[in-house]
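User: I'm new to this structure and would love a close look at one part of it. Could you take me through a helix and the sheet it lies on, and then show me how the rest is arranged around that?

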Amino acid sequence: MSDIVLQTNSLGMTFPDGTRALNNINLTIRKGELVSIIGPSGAGKSTFMRSINLLNKPTEGTIMFEGEEVCKAKGKKLRLIRRQIGMVFQHFNLIKRSPTYQNVLHGRLGYMSSFKGGLGRFSEEDTRQALNILRRVGLEEQAFKRADELSGGQQQRVGIARAIAQSPSLLLADEPIASLDPSSSENVMNYLKTVCEEDGLTSIVNLHQVDFAKKFANRIIGIKAGEVIFDGSPKELTDGIINYLYYNK
Ligand SMILES: Nc1ncnc2c1ncn2[C@@H]1O[C@H](COP(=O)(O)OP(=O)(O)OP(=O)(O)O)[C@@H](O)[C@H]1O
C-alpha cells in the first residue's frame, strides 16, 4: 500500500480580486512526516493549508488526499475528507465557556448524527477517549475546568487534543504557536510532535519561527510569493536559503 497521504499537482490559486496566492505547487507528503511550512508574510502558507480541505478552493491543479481527488469532492464525500483532517488554529478556536473535556469531545462531532451531536450526547467511550487524550497532552487535571480558565499554551494543547479526538490521518496546524511566549511554544510543539509520533500521524505545521521549524520538523518547505523555493531537511536549510526566503538577499 502506498504511504502517500497528500499529493498536489500543479496546484494554483488566484483569488477573485486577481491576487495570485499559489503557483504550480507540486508536493508529495508521506505518512508520519512532520512538515513545517515557512515563508514571509503573504507567501501563501495559509492559502496552501486552507486549500487542502477546500476552505479555499484552488483555481488550478489537483490535490489527492488518501487516494481521493479533493477538488472534485462535494457533499458527503467532502465531509468525510474533512473528518480525516484535524485542524489546529492560531487562536485555538475553543468554546470558552465549555469545560476542557467537552471541547475535546467536539472533535467527535463528525462521527455523530447532527441530532445526537446537537444535544451533546457523546458516548461513554468517546468521553473516556477524550479524557485519555487530555492525559496525553498533560491536561488531565484541567479536564473539568472551563477552557477560558486555562493559559494560552494549555488552550492550544486542548486544540491539539480536539484535533486528535477526530482520529484524523492528517493534522494541519496554522501558526499554532504565533500567540504564545517562547516557553509555551516549545511546550506546545513538543506535545504536538509527540502525539503525532505516537499515532503515526502526518502533520503540516505553518510556522513563522524558523528555529522552531528546524527543531521540530523532519521536513521543511519554504514558500515565497506562492512558490516552493525550498523542500528539504532542517539540516539542508542554510542561512543563505533563509535570507533568500525572507529578505531576497
Ligand atoms: N480571501 C482573499 N482574497 C484575496 N487575497 C487573499 C485572500 N486571502 C489571502 N489573500 C492573499 O493571498 C496571499 C497569500 O496569503 P496567505 O494568507 O496565504 O499568506 P501567509 O503566508 O499565510 O501569510 P501570513 O504568514 O501573514 O499569515 C497574500 O497576498 C494575501 O493578501
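Analyst: Happy to! Let's begin with helix α1, which lies across β1, β2 and β4 (60–65) and runs at about 60 degrees to β2. Please keep in mind that this is a predicted model.

The sheet under α1 is an open one of 4 strands, in the order β2-β1-β4-β5, and its pairing is antiparallel. At its edges stand β2 (20–30) and β5 (68–69); each has a single partner strand, so one side of each is left without a neighbour in the sheet. Strand β1 (residues 4–14) is joined to β2 by 7 bridges in the antiparallel sense. To find this pairing in the picture, look for Met13, which stands opposite Leu22 in β2. As you follow a strand, it helps to know that in a regular strand the side chains alternate between the two faces of the sheet.

Now back to the helix. α1 covers residues 45–52, and with 3 residues it gives the most to the shell around the ligand. The whole shell consists of Phe15, Asp17, Thr19, Ala21, Gly39, Ser41, Gly42, Ala43, Gly44, Lys45, Ser46 and Thr47. By class, these surroundings of the ligand hold 7 polar, 3 nonpolar and 2 charged residues.

With that part in view, let's move to the other sheet. Here 6 strands form an open sheet with mixed pairing, in the order β6-β7-β8-β3-β9-β10. Its edge strands are β6 (85–88) and β10 (227–232), each of which pairs on one side only. From one strand to the next, the twist averages 20 degrees.

At one edge, β6 pairs with strand β7 (residues 170–174) in the parallel sense, over 4 bridges. Val88 is a handy marker here, as this residue stands opposite Ala173 in β7. Helix α6 (residues 152–165) packs on the sheet and touches β6 and β7, with its direction at about 170 degrees to that of β6.

At the other edge, strand β9 (residues 219–224) and β10 run antiparallel and are joined by 5 bridges. Ile223 stands opposite Val228 in β10. β9 and β10 form a hairpin with 2 residues between them, and Ala225 in the turn has a positive phi of about 45 degrees.

Finally, follow α6 to its helix neighbours. Two packed helices are described by the angle between their axes and the distance between the axes. Helix α5 (residues 124–136) packs with α6 at an angle of about 135 degrees, and their axes are 9 Å apart. That angle makes α5 oblique to α6. α5 passes α6 in a right-handed crossing. Where they meet, α5 brings Gln129, Ala130, Ile133 and Leu134 against Ala161, Ile164 and Ala165 in α6. This contact of α5 with α6 has 6 nonpolar residues, 1 polar and no charged.

The other helix to look at is α7 (residues 182–199), which packs with α6 at about 15 degrees, with the axes 9 Å apart. α6 and α7 are therefore roughly parallel to each other, and their crossing is right-handed. From α6, the residues Gly152, Gly153, Gln156, Arg157, Ile160 and Ile164 meet Ser184, Asn187, Val188, Tyr191, Leu192 and Val195 in α7. The contact of α6 with α7 divides into 6 nonpolar, 5 polar and 1 charged residues. Ile164 is worth finding in the picture: this residue of α6 takes part in the contact with α5 and also in the one with α7.

Technical notes. Residues are numbered from 1 along each chain as its sequence is written. This is a predicted model: local features need pLDDT of at least 70, side-chain atom pairs count only at pLDDT 80 or more; totals for chains, interfaces and linings use all residues. A residue is near a molecule or strand if its C-beta atom, placed from the backbone, lies within 6 Å of it. Ala, Val, Leu, Ile, Met, Phe, Trp, Tyr, Cys and Pro count as nonpolar, Asp, Glu, Lys and Arg as charged, and the others, Gly among them, as polar. Two strands pair if DSSP finds at least two bridges between them. Axes are lines fitted to C-alpha atoms, for helices over the stretch in contact, and angles run from 0 to 180 degrees between N-to-C directions. Two residues are in contact if their C-beta atoms, placed from the backbone, lie within 7 Å. Angles under 35 degrees count as roughly parallel, over 145 as roughly antiparallel, 65 to 115 as roughly perpendicular and the rest as oblique. A crossing is left-handed if the near helix is turned anticlockwise from the far one by less than a right angle, and right-handed if clockwise.
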